[in-house]
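Student: Before I accept the labels attached to a model, I would like to see how each one is justified. Could we go through some of them?

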Amino acid sequence: MEELASRYYDLKKPGYYEYVLKNVSRLTECHVNSLERIFMESETPTLLRQDISILELSRCSAADFAKVESGTGLTVKTFEDWLGAIDHFFERYGKQAIAVKYQGAYSRRLNFEHVSKRSAADFFKAHHAERPFIGPHGEKVLQDYLFHYCVKKAGEYGLPVKLHTGYFATRDSMPLARVKENAADLCSLLQDYPEVRFVLMHIGYPYQDEIIALCKQYSNAYVDLCWAWIVNPVASVRFLTEFLVAVPANKVLTFGGDYITSWKMSSVIALSRAKASLRPSRTLSSETGSAVRIFPSWQHA
């Protein structure tokens with residue numbers, strides 16, 4: 001273990017990302033959802049393709065306020081100011097981003113209703129009053145409106161919407177009943193935005209059969225097996241086998257790391273697990289073609 005740790009730290013020098021991702025994993029690029037910023041500008045933008053995180057933009061907590069204002073240089077006081085900040089992120093980064101990412105399923109259902117702008121504005125004002133309180137209903141109304149607003153912006157810029165589905169990266173805290181609703185909740189969203197591509201992350205484990213049904217039924221639904229190989233490689237093999245019998249192969253992204261601890265190495269581990277589990281299958285050969293079809297063409301120039 002000491003030797004392994006020593007060799008790992010020896011690698012951590014300029015060019016480390018490119019060496020691990022391209023030379024070791026033989027990847028052409030890596031998608032990154034930054035947990036530090038809404039959009040992370042990278043020194044290697046053609047290697048580390050960045051998502052715009054719409055979690056903060058559609059949740060607008062006190063911490064999100066700070067992140068939005070620091071990321072835009074704008075002062076937000078009104079609901080129109082907040083919508084203007086969302087516009088700012090898309091105007092500035094929409095042509096650089098590879099997709100938008102939403103992981104709000106950790107804290108709520110994915111049943112986004114259409115609500116009026118006036119209702120959302122009223123709850124926004126109350127949410128940021130001197131003594132804020134809008135309750136669960138008010139929070140849902142506000143988040144529903146802002147999420148739909150972000151999805152429409154993603155559609156304007158041709159950006160796919162990545163959604164966390166399924167298993168939680170937590171311990172002793174997963175509400176399985178709500179997780180089970182992920183796929184059913186998404187039906188309305190897929191119907192409402194037929195022109196927007198939705199990438200369903202992590203196969204919705206342990207309810208992956210429903211994700212297969214969504215991708216078979218809806219032309220704008222795609223699936224990404226990132227993290228799934230870490231969570232349960234046996235279930236991932238079973239999922240992929242059944243998926244390819246029912247759904248076109250160009251609707252699946254077959255692996256990814258998506259692991260906070262040393263995510264560069266997690267890409268290597270996930271790829272190794274996927275290859276080992278699928279051998280002697282050649283399923284991974286479809287990965288690049290699927291990515292080019294799903295994600296905007298200008299990012300692959």
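Tutor: The model is predicted, and the turns below set computed values against the cut-offs behind the labels.

Student: What makes strand S2 (residues 48–53) mostly covered?

Tutor: A residue is buried if its relative accessible area is under 20%, and six of the six residues in S2 meet that condition. The burial applies to both faces: Leu48, Gln50 and Ile52 lie on one side, Arg49, Asp51 and Ser53 on the other, and all are buried.

Student: How do you know that S2 pairs with strand S1 (residues 30–32)?

Tutor: Pairing requires at least two bridges, and S1 and S2 have three, in the parallel sense. Cys30, for instance, has Leu48 as its bridge partner in S2.

Student: What makes S2 and strand S3 (residues 99–102) a pair?

Tutor: The requirement of at least two bridges is met there by three bridges, again in the parallel sense. Asp51 has Ala99 as its bridge partner in S3.

Student: Why is strand S6 (residues 221–224) called covered on both faces?

Tutor: The label rests on the same cut-off of under 20% relative accessible area for buried residues. Ala221 and Val223 on one side of S6 are buried, as are Tyr222 and Asp224 on the other.

Student: Which strands pair with S6, and how many bridges support each pairing?

Tutor: Strand S5 (residues 198–201) runs parallel to S6 and is joined to it by four bridges. Val199 has Tyr222 as its bridge partner in S6. Between S5 and S6 the chain passes through helix H10 (residues 208–217), in a right-handed β-α-β crossover. Strand S7 (residues 252–253) also runs parallel to S6, with two bridges. Since the rule asks for at least two, the two bridges of S6 and S7 satisfy it. Val223 has Val252 as its bridge partner in S7.

Student: Why is the contact between Glu41 and Arg92 called a salt bridge?

Tutor: The nitrogen has to be within 4 Å of the carboxyl oxygen, and the closest N and O atoms here are 3.8 Å apart, so the contact qualifies. Glu41 is in the loop between S1 and S2 and Arg92 is in helix H5 (residues 79–93), 51 residues apart. The whole structure has 15 salt bridges.

Student: Are Glu41 and Arg92 buried, exposed or partly exposed?

Tutor: Partly exposed covers the range between the 20% and 50% cut-offs. Glu41 has a relative accessible area of 44%, so the label is partly exposed. Arg92, at 41%, is therefore partly exposed as well.

Student: What makes Arg109 and Asp185 a salt bridge?

Tutor: Their closest N and O atoms are 2.6 Å apart, and the limit is 4 Å. The pair links Arg109, in the loop between S3 and helix H6 (117–127), to Asp185, in helix H9 (residues 182–192), 76 residues apart.

Student: Why do Arg109 and Asp185 carry the labels they do for accessibility?

Tutor: Arg109 is at 35%, so this residue counts as partly exposed. Asp185 is at 10%, and because the cut-off for buried is under 20%, Asp185 is buried.

Student: How do you know that Lys140 and Glu113 form a salt bridge?

Tutor: The closest N and O atoms are 3.0 Å apart, which is within 4 Å. Lys140 is in helix H7 (residues 135–156) and Glu113 in the loop between S3 and H6, 27 residues apart. Salt bridges with shared partners join Arg108, Glu113, Lys140 and Asp144 into one network.

Note on methods: Residues numbered from 1 in each chain as written. Predicted model: local features only at pLDDT ≥ 70, side-chain atom pairs only at ≥ 80, totals over all residues. Heavy atoms only, no water. Buried < 20%, exposed > 50% of the residue type's maximum accessible area, 1.4 Å probe, protein only. Right-handed = clockwise from strand over helix to strand, strands pointing away. Salt bridge = Lys/Arg side-chain N within 4 Å of Asp/Glu carboxyl O.
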